[in-house]
Amino acid sequence: MTVLKEISKLRILKEVMQRIKFSHREIWATMDLSEEIRNPLPKEYFRLLKRKSGHGVHVKRLAFGTKADFLRIQNRHVI
């Protein structure tokens with residue numbers, strides 16, 4: 001049974017990092033490109049995704065944004 005819960009903006013990064021650390025099969029993530037451009041996620045987040053991917057965890061990221069946003073961010077992080 002999936003339970004939804006609200007997470008405050010102040011705690012969301014910590015919560016996400018914990019969930020990534022304990023993932024074993026796959027990680028689904030969404031990304032608002034305009035928000036990522038304004039407030040980039042820390043490098044540790046991407047290092048953790050890369051490490052999990054190297055251990056066989058499937059990482060899937062769905063991004064939302066304009067064509068200009070995609071062009072600005074397309075080479076920023078490669079997992």
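**View 1. The buried side of helix H1 in this predicted model.** Three residues of H1 count as buried: Glu15, Met17 and Ile20. If you're wondering what sits over them, the cover includes strand S1 and helix H3. Met17 and Ile20 turn up again in the nonpolar core of View 4, while Glu15 gets its own close-up next.

**View 2. Glu15, a buried residue in helix H1.** Is Glu15 buried or exposed? Its relative accessible area is 14%, and the cut-off for buried is under 20%, so Glu15 makes the buried list. Leaving aside residues up to four places away in sequence, Glu15 touches Lys5 and Ile7.

**View 3. Helix H1 packed against helix H3.** Here H1 (residues 12-21) meets H3 (residues 43-54), with the two axes 10 Å apart and at an angle of about 15°. Angles under 35 degrees count as roughly parallel, so that's the label for H1 and H3. The crossing of H1 past H3 is left-handed. Which residues do the meeting? On the H1 side they are Val16, Met17, Ile20 and Lys21; on the H3 side, look for Glu44, Tyr45, Leu48, Leu49 and Lys52. Sort the residues of this contact by type and you get 6 nonpolar, 3 charged and no polar.

**View 4. The largest nonpolar core.** Nine residues would be a mouthful to label, so here's the roll call by name: Met17, Ile20, Ile27, Ala29, Tyr45, Phe46, Leu48, Leu49 and Val57 make up this core of 9 residues. The elements giving two or more residues to the core are H1, H3 and strand S1 (26-32). Which element gives the most? That's H3, with 4 residues. As a bit of background, nonpolar side chains in soluble globular proteins tend to be buried together.

**View 5. Ala29 and its contacts.** Ala29 is one of the residues of the largest nonpolar core. Skipping residues up to four places away in sequence, Ala29 touches Tyr45, Lys60, Arg61 and Leu62. Of these partners, Tyr45 is also listed in the core, and Tyr45 is among the H3 residues that meet H1 in View 3.

**View 6. Trp28, an exposed residue in strand S1.** What is the relative accessible area of Trp28? The value is 62%, and exposed means over 50%, so Trp28 counts as exposed. For a sense of distance, Trp28 and Leu41 are 13 residues apart in sequence, and their C-alpha atoms are 16 Å apart in space.

**View 7. Ser23 in the loop between H1 and S1.** Ser23 has a relative accessibility of 15%, which puts this loop residue on the buried list. What does Ser23 touch, not counting residues up to four places away in sequence? The partners are Lys52 and Val57. You've already met both: Lys52 is one of the H3 residues in the contact with H1, and Val57 belongs to the largest nonpolar core.

**View 8. Stepping back to the whole chain.** The chain has 4 helices and 2 strands, and along the sequence they follow the pattern α-β-α-α-β-α. Taken along the principal axes, the C-alpha atoms fill a box of roughly 40 × 30 × 20 Å. Of the 79 residues, 23% count as buried. Among contacts between residues at least 6 apart in sequence, 78% join residues at least 24 apart.

Conventions
Residues are numbered from 1 along each chain as its sequence is written. This is a predicted model: local features need pLDDT of at least 70, side-chain atom pairs count only at pLDDT 80 or more; totals for chains, interfaces and linings use all residues. Side-chain values use heavy atoms; hydrogens and water are left out. Axes are lines fitted to C-alpha atoms, for helices over the stretch in contact, and angles run from 0 to 180 degrees between N-to-C directions. Angles under 35 degrees count as roughly parallel, over 145 as roughly antiparallel, 65 to 115 as roughly perpendicular and the rest as oblique. A crossing is left-handed if the near helix is turned anticlockwise from the far one by less than a right angle, and right-handed if clockwise. Contact means heavy atoms within 4.5 Å. Ala, Val, Leu, Ile, Met, Phe, Trp, Tyr, Cys and Pro count as nonpolar, Asp, Glu, Lys and Arg as charged, and the others, Gly among them, as polar. A nonpolar core is a set of buried Ala, Val, Leu, Ile, Met, Phe, Trp, Tyr and Cys residues joined through side-chain atoms within 4.5 Å. Buried means under 20% relative accessible area, exposed over 50%, partly exposed in between (1.4 Å probe, protein chains only).
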